Amino acid sequence: TPPELIRNFCIIAHIDHGKSTLADRMLQETGVVEQRLMRAQYLDRMDIERERGITIKSQAVRMPWAVDGSTHILNMIDTPGHVDFTYEVSRSLAACEGAVLLVDAAQGIEAQTLANLYLAMENDLVIIPVLNKIDLPAAQPEKYAEELAGLIGCDPAEVLQVSGKTGAGVPELLDRIVELVPHPVGDADAPARAMIFDSVYDTYRGVVTYVRVVDGGLSPREKIAMMSTKATHELLEIGVISPEPVPSQGLGVGEVGYLITGVKDVRQSKVGDTVTGAGRMATKALGGYHDPRPMVFSGLYPIDGSDYPLLRDALDRLKLNDAALVYEPETSAALGFGFRVGFLGMLHLEIVRERLERESGLDLISTLPNVEYEVRLDDGTVVEVTNPSEFPSGRIASITEPVVRSTILAPSEYIGAIMELCQTRRGTLKGMDYLSPERVEMRYTLPLAEIVFDFFDALKSRTKGYASFDYEPDGSQEADLVKVDILLQGDTVDAFSAIVHRDKAYAYGVQMATKLKELIPRQQFEVPVQAAIGARVIARETIRAIRKDVLAKCYGGDISRKRKLLEKQKEGKKRMKMVGSVEVPQEAFIAALSQD
Ligand code: GTP
């Protein structure tokens with residue numbers, strides 16, 4: 001297809017504003033999916049995606065659309081909607097010339113609308129503003145067209161109105177895409193350069209790589225090279241998705257499609273990397289590539305210690321499909337053998353954990369998640385800490401923690417409540433703008449550790465659900481952090497150590513000590529539960545002694561019953577862990593680590 005007839009675009013929207021539904025309608029409207037084969041969220045292929053109703057992996061579909069008698073090719077590149085996957089969003093955007101900015105006509109602009117719009121503008125995309133769900137009785141198209149027009153600086157009349165549900169306005173939107181999105185421009189005679197914007201592991205076919213060709217072309221059976229690693233592979237298959245994969249004779253300038261090389265690991269075909277011809281290599285890679293950086297770390301342990309090899313195999317398998325997943329073995333005195341795993345964020349953590357449990361039938365326990373700290377000692381050495389147990393004991397000169405630049409959108413009546421919340425989370429207000437007299441955008445710098453776990457829930461509850469929130473990494477800053485240890489009868493329980501801000505150390509210590517006092521059964525002797533910073537104890541509870549005699553219940557009973565009871569007790573012991581001389585049932589660890 002000549003580049004003049006190609007349009008590459010994506011749909012960007014706040015979560016639940018209807019991106020997937022609109023994509024479905026476009027597939028139907030262009031005839032790519034037959035009516036009878038249509039199923040909701042056609043493009044979200046993973047089970048977990050469909051169940052949770054979110055898009056994790058981006059996909060690209062090719063749709064024909066005729067305008068003025070000539071058939072154009074529209075490549076719709078689907079982008080993931082969650083902040084954990086911002087890097088994938090930005091790569092998908094880089095493969096497009098235009099973006100449909102979709103806003104729910106009953107909700108208006110939300111935090112992710114803004115975050116995605118800024119990303120699209122950084123990539124110089126043409127923005128097509130669209131209000132969705134105009135069929136809703138609660139829709140206020142005039143009001144929000146005004147808001148949207150004000151934001152991107154156009155006339156409210158230029159804001160299209162559609163309904164992904166009824167299909168109203170969708171053909172007009174497709175026309176508008178052809179009209180406004182610039183066609184791709186590239187040098188057809190130059191050495192091939194194609195950007196990888198997604199890479200998915202398929203059990204049967206190995207890694208399927210999604211690319212957008214910028215210069216030159218790629219054809220089947222040719223040898224290609226990855227520019228970041230110089231690794232070469234043979235192109236076993238190349239084609240387009242419409243909406244199922246269809247092999248083709250190659251991809252030229254501006255075209256979007258997939259390729260298969262037989263590699264088995266997505267790390268050999270990394271998002272953001274440039275594909276070139278091995279015979280005629282390009283000299284300069286397309287910009288923007290970097291390795292995805294884990295932001296949140298947690299220990300993962302099998303509840304049944306003998307499942308450790310199973311967990312290792314499951315992680316190895318998942319890695320094939322998830323280039324962002326990093327892990328290394330670790331041991332905990334309390335939890336046994338497991339792995340320290342790095343994640344892009346909490347959603348990523350939940351998804352990985354769920355997939356491990358579901359696909360491999362494992363029961364897992366995860367330790368309190370933490371971010372990565374950089375600890376500088378007095379002697380000048382610097383230690384990267386992703387696990388509280390790595391926290392150095394020497395004299396500390398300074399500690400830095402990752403921070404994020406965040407955007408909060410809310411009705412203006414909640415400004416006070418939001419400021420108060422951000423204050424307790426050590427936030428710094430960077431700016432505030434009114435989108436309209438009743439809606440405000442607030443920008444905060446916040447420590448990642450303060451927002452990654454429960455900030456959004458706290459924000460929602462303080463704003464009756466009306467606030468939306470988005471963030472992106474913004475370097476790191478110094479902070480007054482300490483490591484709090486939890487001790488049972490003087491022995492540290494490694495799984496409970498945490499790095500927290502000095503002002504919050506006491507609260508953490510008291511909370512854990514109280515929990516453990518309730519969870520750990522009485523022993524034959526008194527057990528102090530302490531929280532300490534270094535050698536200084538900051539909180540203490542005591543588990544009082546008890547003399548437990550299982551045989552007491554068998555007063556007068558016969559001997560076989562006694563034996564049974566003793567056996568049962570032995571059985572129970574197996575699930576006990578020893579911390580020093582204290583017996584702790586494994587359930588106590590699990591309960592203490594579960595976030596409530
Ligand atoms: P993510 O993929 O999770 O980012 O969400 P999304 O933006 O793709 O939203 P999705 O298409 O899943 O739609 C969210 C909800 O809005 C679903 O319950 C849809 O049925 C509903 N919805 C989408 N479009 C319309 C519309 O035009 N009208 C009405 N009434 N409901 C819609």
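Let me begin with what I mean by a patch: the residues in it have over 30% relative accessible area and no salt bridge, and like charges are joined within 9 Å. Please keep in mind throughout that this is a predicted model.

With that in hand, the surface carries a patch of negative charge, in which Glu29, Asp68, Glu172, Asp175 and Glu179 gather. Helix H6, which spans residues 170-180, supplies the largest share of that negative patch, namely 3 residues. Glu179 is found in helix H6, and with a relative accessible area of 61% Glu179 is exposed.

There is also a nonpolar patch on the surface, formed by Met419, Leu429, Met432 and Tyr434, which together have about 340 Å² of accessible area. Here the largest share, again 3 residues, comes from strand E22. Met432 has its place in strand E22, and its relative accessible area of 31% makes Met432 partly exposed; since a patch takes residues with over 30%, I would read that value together with the cut-off.

Let me turn now to the charged pairs. As a general matter, side chains of opposite charge can pair when their charged atoms come close. In this structure there are 29 salt bridges, and I will go through some of them.

Consider the salt bridge that Glu438 forms with Lys143, where the closest N and O atoms are 3.5 Å apart. Glu438 sits in the loop between strand E22 (428-436) and strand E23 (439-447), while Lys143 sits in helix H5 (residues 141-152), so this pair ties together parts that are 295 residues apart in sequence. Both ends are partly exposed, Glu438 having a relative accessible area of 39% and Lys143 coming in at 32% relative accessibility.

Which residues are linked in a network of salt bridges? They are Glu401, Arg426, Glu450 and Lys504, and I can describe two of the contacts in that group. In one, Glu450 forms a salt bridge with Arg426, with 3.0 Å between the closest N and O atoms. Glu450 lies in helix H10 (residues 448-451), and Arg426 lies in the loop between helix H9 (415-424) and E22, so this pair ties together parts that are 24 residues apart in sequence. In the other, Lys504 forms a salt bridge with Glu450, and there the closest N and O atoms are 2.9 Å apart. This pair links distant parts of the chain, with Lys504 in helix H12 (residues 502-519) and Glu450 in helix H10, 54 residues apart.

Is Glu450, then, buried or exposed? Its relative accessible area is 9%, so Glu450 is buried, whereas Lys504, at 28% relative accessibility, counts as partly exposed.

Next come two buried polar side chains and their contacts with backbone oxygens. Gln523 lies in the loop between H12 and strand E28 (527-533), and with a relative accessible area of 8% Gln523 is buried. A polar atom of the Gln523 side chain lies 3.1 Å from the backbone oxygen of Pro521, and the backbone oxygen of Glu583 lies 2.7 Å from a polar atom of that side chain. His72, for its part, is found in strand E3 (residues 70-77) and counts as buried at 6% relative accessibility. In the case of His72, a polar atom of the side chain lies 3.0 Å from the backbone oxygen of Ser70.

Finally, a word on backbone angles. Most residues other than glycine have a negative phi. Against that background, Asp124 has a positive phi of about 60° although it is not a glycine. Asp124 is placed in the loop between helix H4 (111-122) and strand E5 (126-132), and its relative accessible area of 67% makes it exposed. Lys133, which is likewise a residue other than glycine, has a positive phi near 65°. The place of Lys133 is in the loop between E5 and H5, and Lys133 is partly exposed, with a relative accessible area of 22%.

To close, I return to the question of where the negative patch draws its largest share, which is helix H6, and to the network of salt bridges that links Glu401, Arg426, Glu450 and Lys504.

Key
Residues are numbered from 1 along each chain as its sequence is written. This is a predicted model: local features need pLDDT of at least 70, side-chain atom pairs count only at pLDDT 80 or more; totals for chains, interfaces and linings use all residues. Side-chain values use heavy atoms; hydrogens and water are left out. Patches are made of residues with over 30% relative accessible area and no salt bridge: like charges are joined within 9 Å, nonpolar side chains (Val, Leu, Ile, Met, Phe, Trp, Tyr) within 5 Å. Accessible areas come from the Shrake-Rupley method with a 1.4 Å probe; for residues, only the protein chains shown count as cover. A salt bridge is a side-chain nitrogen of Lys or Arg within 4 Å of a carboxyl oxygen of Asp or Glu. Lys and Arg count as positive and Asp and Glu as negative; His and the chain ends are not counted. The place of a charge is taken as NZ of Lys, CZ of Arg, CG of Asp or CD of Glu. Helices (H or I, at least four residues) and strands (E, at least two) are DSSP runs, numbered from the N terminus. Buried means under 20% relative accessible area, exposed over 50%, partly exposed in between (1.4 Å probe, protein chains only). A polar contact is a pair of N or O atoms within 3.5 Å; within protein, one must be able to donate a hydrogen and the other to accept it, and residues adjacent in sequence count only if both atoms are side-chain atoms.
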